[in-house]
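Colleague: Could you zoom in on one part of this model for me, and then show how it ties in with its surroundings? Please spell out your cut-offs as you go.

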Amino acid sequence: MEHNIIIHNIKAIEILEQCVEIYPAAYNAKPWNDNWNIQTAKALLTCYYNTPNFMGWAARRNGQIIGCAIGNMEPYYSGSIFILKELFVAVNCQGTGVGSGLMAVVKEEVKKLDLKMIMLFTRRPLFDFYIKSGFQEMVEAGTMVYAIE
């Protein structure tokens, strides 16, 4: 990871609003090919921020937000777990170690809290990133959707 990157906790909605600025471009590109805009990204990230037991981190370079990882703690039968809702990096910083740095901080902070697991949902093109970070695929699990027409 680049040495001039600082990763810190997101403790105020104002920091999260800075993360909103990089969210649409990160998810509108491959492999997601979504159609986010600033308003929809702000609504989503604000929703996550207002979730009980929110935890989040922002990566900065030269004072600018270049990546974020956010989620929340939830109870689970084996003990509390962390649900990683989003991990995203500014398009021009992808592949530079920012995402790996954020993931390392998430794992370190979750371990300090004695949480039992980190769970996330992602698309197959990103499996390699998470596997390199020590994650395993839950083969017996699946995501289901029902489209309302």
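Modeller: Sure, burial terms up front: I call a residue buried under 20% relative accessible area, exposed over 50%, and partly exposed in between, using a 1.4 Å probe and protein chains only. Keep in mind that this is a predicted model, where local features need pLDDT of at least 70, side-chain atom pairs count only at pLDDT 80 or more, and totals for chains, interfaces and linings use all residues. Residues are numbered from 1 along each chain as its sequence is written, and side-chain values use heavy atoms, with hydrogens and water left out.

Let's zoom in on helix H1, residues 13-20. Helices (H or I, at least four residues) and strands (E, at least two) are DSSP runs, numbered from the N terminus. The buried residues of H1 are Ile 15, Leu 16, Cys 19 and Val 20. Looking down the axis of H1, these fall within an arc of 160°, so they line one face of the helix; the arc is taken from the directions from the helix axis to the C-beta atoms. Their cover includes strand S1 (5-9), helices H2 (23-28) and H3 (38-49), and strands S2 (54-61), S3 (64-74) and S4 (81-89).

One residue on that face, Cys 19, has a covalent partner: a disulfide (a pair of cysteine sulfur atoms within 2.5 Å) joins Cys 19 to Cys 68, with S to S at 2.2 Å. Cys 19 sits in H1 and Cys 68 in S3, so the pair ties together parts that are 49 residues apart in sequence. The S-S torsion is about -90°, so this disulfide is left-handed. Cys 19 and Cys 68 are both buried. A search of the whole structure turns up one disulfide. What about other cysteines? The sulfur of Cys 47 is 15 Å from its closest cysteine sulfur, in Cys 19, which is too far for a bond, and Cys 47 is partly exposed at 48%. Cys 93 has its closest cysteine sulfur in Cys 68, at 12 Å, again too far for a bond, although Cys 93 is buried at 1%.

Across from H1 you meet Leu 45. Contact means heavy atoms within 4.5 Å; leaving aside neighbours within four places in sequence, Leu 45 is in contact with Leu 16, Cys 19, Val 20, Tyr 23, Ile 70, Glu 86 and Phe 88. A nonpolar core is a set of buried Ala, Val, Leu, Ile, Met, Phe, Trp, Tyr and Cys residues joined through side-chain atoms within 4.5 Å. The largest one has 43 residues, of which Leu 45, Phe 82, Leu 84 and Phe 88 touch the most other members. Elements giving two or more residues to this core are H1, H2, H3, S2, S3, S4, helix H4 (98-112) and strand S5 (118-120). H4 gives the most, with six.

For contrast, here's the charged side. A salt bridge is a side-chain nitrogen of Lys or Arg within 4 Å of a carboxyl oxygen of Asp or Glu, and the count comes to six. In H4, Glu 108 pairs with Lys 112 at 3.8 Å; being four residues apart, they are separated by about one helical turn. Elsewhere, Glu 137 and Arg 124 meet in a salt bridge at 3.1 Å, N to O. That pair links distant parts of the chain: Glu 137 in the segment after helix H5 (127-132), Arg 124 in the loop between S5 and H5, 13 residues apart. Glu 137 is partly exposed at 40%, while Arg 124 is exposed at 56%.
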